[in-house]
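Work through the two exercises below with the sequence and the model side by side, and try each task before reading its solution.

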Amino acid sequence: MFAIGPLGFAAPWLLLPLIALPILWILLRAVPPAPIRRRFPGVALILGLRDDEAEADKTPWWLLLIRTLAVAAMIIGFAGPVLNPEDRVEGSGPLLIVVDGSWADARDWPQRLEKAEALVADSGVQGRPVALIRLTDAPEAVEFQTAETWASRVAGLQPQPWAPADFAAWAGVLPEGAFDSVWISDGLAAKGREDLVTALQAHGSLLVVETKKPVIALHPPRFEDGKVIVAVSRLPATEASSVTVQAMGPDPAGIERVLGQTLVNFGLGEARAEAALDLPPEVRNRITRFEIVPVRTAGAVSLSDDSLKRRKIALIRMGPDQEGLQLLSPLHYLRQALVPVAEIIEGNLIDSLRANPDVVVLADVAELTKAEEDATLEWVKKGGLLLRFAGPDLAASDISRTTEDPLMPVRLREGGRSVGGTMSWGEPKGLAPFPEGSPFYGLLSPDDVVVSEQVLAQPDADLAERTIAALEDGTPLMTRKAIGGGQVVLVHVTANAEWSSLPLSGLFVQMLERLAVSTKPEQPEAEDLAGQVWTPQVTLDAYGHAADAGEMPGVAGEALAKAVDTGPTRDLRPGLYAGADRRVALNVTGAKAELLPIDWPASVPVETLEGRVAQVLKGLFLTAGMLFLLLDVLAALWLAGRLRGLLRGAAVVLALGLFAGPERGMAQDTTVALPDDARALEATTAVVLAYVLTGDPRVDDLSRAGLLGLSDTLWQRTSVEPMMPIGVDVETDELAFYPFLYWPVINGAKQPSDAAYAKLNQYLRTGGMILFDTRDADVAGFGGETAEAKALQMIASGLDIPALEPLPADHVLTRTFYLLQDFPGRHLGGAVWVEAAPQAAEKADEGMPFRNLNDGVSPVVIGGNDWASAWAVDEYGGPLMPIGRGGAGDRQREIALRFGVNLIMYVLTGNYKSDQVHVPALLERLGQ
Amino acid sequence: MLTPDLRTRAEALGQSLPPLLAEAEMLASTVMLGEHGRRRAGMGDEFWQYRPAHAGDSARMIDWRRSARSDAHFVREREWQAAQSVTIWVDQGRSMGFSGAKGREPKVDRARLLALALAVLLLRGGERVGLAGLAQPRSGRTQLLRLASRLVGEGAADDYAAPETEGMVAHGRGVFLSDFLGDLQGIEAGLARAADRGVKGILIQILDPSEEEFPFDGRTIFESMGRSLSHETKEAGNLRTRYLARLAERKNRLAGLARAVGWHFSTHHTGSPAQSALLWAYRALEGGR
């Protein structure tokens, strides 16, 4: 294949026309773009105007460039360019493809599979017999077959969740005769790999294919100081990076969730890094697995077994129960502290020990029987934690007085001591800071924890090292002694609040936490597992997906212990194994596992998977060519001045397609902005009339002046004393402050947004009133529909407006303050519409001037009389707009103001005036 | 005998006339302004003012009722109401057939609409309205139909038409509706002829928005509507500022001309509603004296 650098061409002779490009350049340059003919009457005005540039009749150089590039891209595209043309594995004779098929392969299995398929396909083309072996399978005889037979089998191949091991066995079953081999390796060193390398090289050439993608593995987590420590290894250890480790588990509802996550940071060149995950015990107990996201291999998943689960704690209280004295019970505080995090066993000591608890708490228990003592001692030696609390019984007994009791950490002095009591000197003592090395190191001791009574330790030689917590004056508060694998801890005060306030503080819980957590061995010991049959419950596949193990046979404890140490194998798949009383996790990556690169012999050529992928660039070049042509079309259109309309159309499409969506989304997100406090104060300290801002400054000014005039009139004539009117924007401002909105409707008014409609409807429903003024009563009313009326219809379409009727003569609006029958503004005689009265109240009562309508206030009043103009005053309080002619005009203005007064009264007092019809009846009832 | 051509034209007219009339009536109805007063004392029915009686006023003229309320004598004057002759000229040149965008009416349609609406208003106010060179000024409802039918007649073949003053009544009112893009000489001459007869009036320049914006780019050959004029440019966008300057200058000249002979000048765009132009025209005609 003809190649220039990394670029090869399938049909290089097709590149010849590139020579013709300069000719094309010259040809194109000579042809200017065609003019567009336009009819335009204004031509009379442009006659005689000269063009500035004379160059435009030649094709501009950039247009030429676009066209030339388009042609060049086409020519190159048809010549079939290939980036990194693949050097096929040439040769004859059979080809053996070796894949590891391990969990580490899962990280980029599709690429590996693709490579294997490509090799099989190549062999098919070259007519070579081929065979493929997966090293994680059990070794079996290899037979070379035709590529067709293999092609279908290769496609279904999957990696396995363990590492290959039987290299020597595979070397033994290789077929006779000469053949070439390609080993697609996972890059992890394993014992015995070189055996197979040697065997393969003995048969013919060997090519190794690796990938550059790093392998990341998660070690089983462990506890330290109450935190979960996760450790992550990687290969290769190159530059600094970080991975996220997540703890997964069911939430209280049983749904699998991320319960916690932490970032593990690798330094430069570090192969292993750790991070702490601080989780509350309740959450920690629920964790089922840790995993590295987003790596999907079994090695990046660590199942958690019982080592994270709830501990069993036995609470032992000897002697008779004192019923009814809950708070005095030595066990009460312990129970409160431990129930959320641990499983509590209560009963007698021997029975409790049979349940194999992790911790036994003896609260003020002095003497144990021989049998109890022996059993306890044996249990402690196996790793148990015996936690003893002092108390009156212990202080009074002779235990550990002269010789150290095996189940006591220290010898005790007779009687104990009491400080700060009524019969003693001194103050109750606080806690000293916890020394380094103490299990409580790092906990803060609160000031209010004081000890007033305690048992005292004899000052023996090893007292200092056994003390893990002390009082301010140095007297030990807690002492500890190791016995075999376990330990005994003595708290020198009671477990209730009798001797100290320690059990009342949060510190008590934390101390118990620290003590109890460190009791559990991190990994099950081999002997713990031996002798039992462990049944798999959950298995992992190579991608780290957990699945129910189904009917898989159980395994022997010894084998499991070995696998936990060295990693899973074909017979012992990774997963959870259940024994008699616990579950053990077998993870792909053990605690001590290390990721090491393979050291291939120098004679083996190693290539990487990524760099060798041939990329056919034909499509890319042809697409580029087409794009250039499209660009050329647009450019030519632009030059000819025909792009404008096209752009407009495109802009419309863009606006519809792109902006409609986000805007809707924003509308949903938009929350009602908190109103400006100053504005809210202004609007609420007194009655304020408000008008809706229309966007037309002239109309807005007029509305303001109109409401100012109305406010002045109200101030002068009525007890309503409004402040300066306020303009509100229905889109952004809070409406709830205003009892009344004047809304002049103008031609071309914008429709409010959905959010604004919601606000307006809420306003109308909660007692607000809007006066819509179309200001067109002079021209409306001839049956024609004015633009303002249309705008009003549009605005009102989204409003929750009841049925309307022309203001009836007996409407309460006609008599709330003045008696009115006309409602003029600048115009006279336009109809005013209000909410229709209910049908039932159609008839007026006999002898009554009004119908009995005392329910509801119309949320809207609609008219077109341009009231604002009639109300409007200038800054000196004089009328702003001329109304009517002469004295009749003044009268009209006066009536308009009276209508305004009536309206505001109606808004503020509702149907109060309507209720006046009941006055005769009320007076009669009062006995007049 | 009806030739087929005449018949189709007649049918087209029959179709276009009622809508045009209806539209004009509709437009006129939006500016119903009440009685059509002359804002000065004179013969009429409407009360205009009381003025103190002075020497020469006959005793009959004194309004005794008013005079009784004070010591002086007052004369009750009525508002002068007199019919005027208004002659409207609508440019029927081919340049008026231009429309800058799809869906926008040609300028001539707007001009006809304005003319007819104005006629409706004026006729309603009792004036006599005529079309320059097409119809003598007359009053009455039937005149409206006549005007309408004359207005929808075939346009001139010329690209740009000069104002027609034939039929203008001396000391009457004139209304010229055109784009005034043609030769300025013709316009000047027409205006001068009208002014010579003592005619006052208004010029309404009707332009398409694209004539105001010149939204063209690229290599373009501009042609007048009748193709009598053409101009080729390599880059139309470069002409924009100079074209706009010339247009502004043209408007200035027209305004100046109008001012010189006591006429009013306004520009109206087909992209905006006709109502404002009609209002302006009506006011300008009223205030013209």
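Two strands pair if DSSP finds at least two bridges between them; strands (E, at least two residues) and helices (H or I, at least four) are DSSP runs, numbered from the N terminus. Residues are numbered from 1 along each chain as its sequence is written, and chains are lettered from A and ligands numbered from 1 in the order in which they are written. This is a predicted model, in which local features need pLDDT of at least 70 and side-chain atom pairs count only at pLDDT 80 or more, while totals for chains, interfaces and linings use all residues.

**Exercise 1.** Find the bridge partner of A:Leu540 in S27(A), then follow S26(A) to S29(A).

*Solution.* Begin with strand S27 (residues 546-548) of chain A, which runs antiparallel to S26(A) and is joined to it by three bridges; there A:Ala546 is the partner of A:Leu540. Five residues lie between the strands of this hairpin, where A:Gly544 has a positive phi near 90 degrees. Next, four bridges connect S26(A) with the antiparallel strand S29 (residues 575-578) of chain A, in which A:Tyr577 stands opposite A:Pro536.

**Exercise 2.** Which helix gives the largest share of the largest nonpolar core?

*Solution.* A nonpolar core is a set of buried Ala, Val, Leu, Ile, Met, Phe, Trp, Tyr and Cys residues joined through C-beta atoms within 7 Å, where buried means that 20 or more other C-beta atoms lie within 10 Å of the residue's own, with C-beta atoms placed from the backbone. The largest core has 72 residues, and B:Leu114 is among those that touch the most other members. Helix H3 (residues 107-124) of chain B supplies the largest share, 13 residues.

Technical notes:
Buried ≥ 20, exposed ≤ 12 C-beta atoms within 10 Å, placed from the backbone.
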